[in-house]
Amino acid sequence: MTEKIRWGIIGTGMIARTFAKNLTDSTYGVKQAVGSRDLTKAQAFATENGIAKAHGSYEALYGDPTVDAVYVATPHPCHHQPVMAALAAGKHVLCEKPLGVTERECREMVAAANEAGMTLLEAFMYRVHPQTQLIQQVLGEGRIGRVCTIRSSFCYGLGDAYNVRTDLSLRGGGLYDVGCYCINFSRMAAGREPDDITAVWTLGEETRVDENLAAALHFPNGIVALFDVGVRSAGGVSAEILGTDGSLFIPKPWSPNSKHAEIELRLKGKPAEMLTVKDGGVSFQLEADHFAQVVAGDCEPLIPATNAIGNAVVMDKIWHRMHSG
Ligand SMILES: NC(=O)c1ccc[n+]([C@@H]2O[C@H](COP(=O)([O-])OP(=O)(O)OC[C@H]3O[C@@H](n4cnc5c(N)ncnc54)[C@H](OP(=O)(O)O)[C@@H]3O)[C@@H](O)[C@H]2O)c1
């Protein structure tokens, strides 16, 4: 790879800021421009993050010839439009999770990227961290035997102030925000798409979004996955894969430690063994650099955009059950 990717960032919210900060240390990328619906916000974001160009509309950013790739960091139902527009303008796109809120949205985006010959990836950064590759390796080698059950959890606590995560019109709630991780993880560990989905939930009295939700997925190979997500708890994050010969416990599945990531292998009749990833890296930098390498043709995507379709199917089914009255 010779040229660095020149990034344009869409949106000036929380994760856009984190991405911009982490791009500073990227090997294969530079911060080039930011686009906001409000020029004043774009200018403030550019100043804060050392970005040369600020655009007062997303369209202006797609039209910027000095931008090679666009990072889309808008709320969940606001991904499809900018992704389609950026691809049509000849930009590569890294889109925040979940790529789309429905199967149809995801299929349209994947088709548009193929047609335009541009790279499109969903920003599931935990998938590019070496900890996740280690999990896949342990499963692939059959070290815990045949996988039977997968458990995962992603819960956190929101304050009372307005947040896109509690806005029903923006598909707020735990399902789309963090359930997407658990579903993605379950599908990865099961190696299949689920054939049955069950869920229970509590909608917030005021927000009407799922504030606590638990779900079970059944896979055609007999594997069952259980997960729970929430936006009102003090915290709770972990994953575990149970097999016929042992299990794998992952204390930090979604944001592995950059210096010292650990997972615990518990084999029947043996003492638990900690498997360690030393200096695995910062997930956002790994994600940006992996994206650049895919664009350059130096490697295949660790998780292709088509993978988002399976997640959208599950989330959209549960969402419709929750909100069908
Ligand atoms: N990978 C991760 O670890 C991670 C963590 C958090 C969030 N995320 C994902 O990142 C995306 C954005 O989340 P966030 O926490 O950054 O949200 P946020 O702080 O609310 O920012 C969203 C930004 O999107 C733009 N936007 C466009 N249409 C909007 C609308 N109708 N309402 C509100 N904002 C709108 C706004 O930028 P302008 O006003 O400047 O246009 C806003 O600043 C989501 O898909 C979320 O799931 C990923």
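**Entry 1. Strands β7, β11 and β12**

I began with the pairing of β7 and strand β11 (residues 232-243), which run antiparallel over nine bridges. For pairing I required at least two DSSP bridges between two strands. Helices (H or I, at least four residues) and strands (E, at least two) are DSSP runs numbered from the N terminus. The model is a predicted one: I read local features only at pLDDT of at least 70 and side-chain atom pairs only at pLDDT 80 or more, while totals for chains, interfaces and linings use all residues. Residue numbers start from 1 along each chain as its sequence is written.

Within the β7 and β11 pair, I found Thr149 opposite Leu242 in β11. I then followed β11 to strand β12 (residues 246-250), with which β11 pairs in the antiparallel sense over four bridges. Here Ala239 has Ile250 in β12 as its bridge partner. The two strands form a hairpin with two residues between them.

**Entry 2. Cys148**

I looked up Cys148, which lies in strand β7. Is Cys148 buried or partly exposed? Cys148 has 14 other C-beta atoms within 10 Å and is therefore partly exposed. The cut-offs are 20 or more other C-beta atoms within 10 Å for buried, 12 or fewer for exposed, and partly exposed in between, with C-beta atoms placed from the backbone.

I listed the contacts of Cys148, leaving aside neighbours within four places in sequence: Ile223, Leu242, Gly243 and Thr244. A contact requires C-beta atoms, placed from the backbone, within 7 Å. I also took the C-alpha separation of Cys148 and Leu39, which are 109 residues apart along the chain, and obtained 52 Å.

**Entry 3. Strands β13 and β14, and Lys268**

I noted that strand β13 (residues 260-267) and strand β14 (residues 273-278) pair in the antiparallel sense over six bridges. His260 stands opposite Lys278 in β14. Their hairpin has five residues between the strands, and Gly269 in it takes a positive phi near 75°.

Lys268 is in the loop between β13 and β14. I counted 11 other C-beta atoms within 10 Å of Lys268, so this residue is exposed. Beyond neighbours within four places in sequence, Lys268 is in contact with Asp245 and Gly246. The C-alpha atoms of Lys268 and Gly243 are 9.9 Å apart, with their positions 25 residues apart along the chain.

**Entry 4. Backbone exceptions**

Most residues other than glycine have a negative phi, and most peptide bonds are trans. I recorded the following exceptions.

Arg171 is not a glycine, yet has a positive phi of about 50°. I placed Arg171 in the loop between β7 (147-157) and α7. With 23 other C-beta atoms within 10 Å, Arg171 is buried.

Arg208, also not a glycine, has a positive phi of about 65°. Arg208 is in the loop between β8 (196-203) and β9 (210-218). I counted 15 C-beta neighbours inside 10 Å, and Arg208 is partly exposed.

The peptide bond joining Lys97 and Pro98 is cis, with omega about -15°. Pro98 is in the loop between β5 (92-96) and α5 (103-116).

**Entry 5. Domains and nonpolar core**

I took the domain bounds from an automatic or database domain assignment, which gives domain 1 (5-124) and domain 2 (130-280) for the protein chain. Their centres, over C-alpha atoms, are 27 Å apart. Seven residues of domain 1 are in contact with six of domain 2. The side of domain 1 that touches domain 2 has five nonpolar, one polar and one charged residues. I classed Ala, Val, Leu, Ile, Met, Phe, Trp, Tyr, Cys and Pro as nonpolar, Asp, Glu, Lys and Arg as charged, and the others, Gly among them, as polar.

Which members of the largest nonpolar core touch the most other members? Among its 91 residues, they are Ile9, Val70, Tyr71, Val93 and Met315. Helix α7 (residues 174-190) gives the most to this core, with ten residues. Both domain 1 and domain 2 give residues to the core, so it lies between them. Such a core is a set of buried Ala, Val, Leu, Ile, Met, Phe, Trp, Tyr and Cys residues joined through C-beta atoms within 7 Å.

For Val93, I listed contacts beyond neighbours within four places in sequence: Ala69, Val70, Val72, Val83, Ala86, Leu87, Met118 and Leu120.

**Entry 6. Ligand shell**

I found 21 residues around the ligand, the closest being Gly11, Thr12, Gly13, Ile15 and Ser36. A residue is near a molecule if its C-beta atom, placed from the backbone, lies within 6 Å of it. Helix α1 (residues 14-23) supplies the largest share of the shell, three residues. By class, the shell has nine nonpolar, six polar and six charged residues.

Terms used: Contact = placed C-beta atoms within 7 Å.
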